[in-house]
Amino acid sequence: MPLTTYFAVYGALLVLTVVTVAVSYLGLPTTPALILAMCIALVKATLVCAWFMHLKFDTKFNIFIFLTAFWFGGSFFLFTFIDLTSRGDILKIQDVHELRSESAEGL
C-alpha cells in the first residue's frame, strides 16, 4: 500500500472530524444532530477499519467475524435505546403499573 493512501485516509478523517464539530454548531435539534454525528462516525470507523486495520485486504472470514461483533454490539444498543425511550410510557400509581395512555383514557 502506498504511503499516499494512508495520508489520504488520514486527511479524510481530519476533514470528517471538522465536519462533526461543525454539525454541533449548526443548532440542529438534538435527535437529527445526533443521527448526523453518528453517521459521520460510522464513515470514520469504516475508513479506520478498512485501511488502518487492513480489513480491506484481509480474508472474508475475518471481515465476517468483525462485522458480527458490530451486529451484536448494535443489537445491544438497540435494545437499550428501546428501553430508554419507552420508560415514559409506564406510570406507577399506588403499586399498580399501567400505560400512560390507559390512565389518560380513565380521566
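Is C39 buried or exposed, or does C39 fall in between? In this predicted model, C39 is partly exposed, with a relative accessible area of 43%. The other cysteine considered here, C49, is buried, at a relative accessible area of 12%; a value under 20% is what places C49 in that class. As for cross-links, the count of disulfides comes to 0.

The aromatic side chains offer a good place to continue. A pair of aromatic rings is described by the distance of the centres and the angle of the planes. Searching the whole structure for such pairs yields 2 of them. One is formed by Y6 and F52, whose rings are stacked, with 5.9 Å from centre to centre and 15° between the planes. The label follows from the angle, because planes under 30 degrees apart count as stacked. This pair links distant parts of the chain: Y6 belongs to helix α1 (residues 3-24) and F52 to helix α2 (residues 30-52), and 46 residues separate them. Both partners retain some accessibility, as Y6 is partly exposed with a relative accessible area of 21%, and F52 is likewise partly exposed with a value of 34%.

The rings of F66 and F70 also pair, with centres 5.0 Å apart. Their planes lie at 70°, so this pair is edge-to-face, given that an angle over 60 degrees is what that label requires. Here the setting is local: F66 and F70 sit 4 residues apart in helix α3 (residues 60-86), which means that about one helical turn separates them. F66 is partly exposed, and its relative accessible area is 23%.

Attention now turns to the surface. L3, F7, Y10, L14, V48, F52 and M53 together make a nonpolar patch of about 680 Å². Helices α1 and α2 are the elements that give two or more residues to this patch, and α1 gives the most, with 4 residues. Among the patch residues, Y10 is found in helix α1 and is partly exposed, with a relative accessible area of 46%. Membership of a patch calls for over 30% relative accessible area, so the value of 46% for Y10 satisfies that part of the rule. F52 is a pleasing point of connection between these results: this residue of helix α2 stacks with Y6 and is also one of the residues of the nonpolar patch. With its relative accessible area of 34%, F52 meets the accessibility cut-off too, because that cut-off is over 30%.

Conventions. Residues numbered from 1 in each chain as written. Predicted model: local features only at pLDDT ≥ 70, side-chain atom pairs only at ≥ 80, totals over all residues. Heavy atoms only, no water. Phe/Tyr/Trp six-rings, centres within 6.5 Å; stacked < 30°, edge-to-face > 60°. Buried < 20%, exposed > 50% of the residue type's maximum accessible area, 1.4 Å probe, protein only. Patch = residues over 30% accessible without salt bridge, like charges linked within 9 Å, V, L, I, M, F, W, Y side chains within 5 Å. Areas by Shrake-Rupley, 256 points an atom, 1.4 Å probe, with all protein chains shown as cover. Salt bridge = Lys/Arg side-chain N within 4 Å of Asp/Glu carboxyl O. Disulfide = S-S within 2.5 Å.
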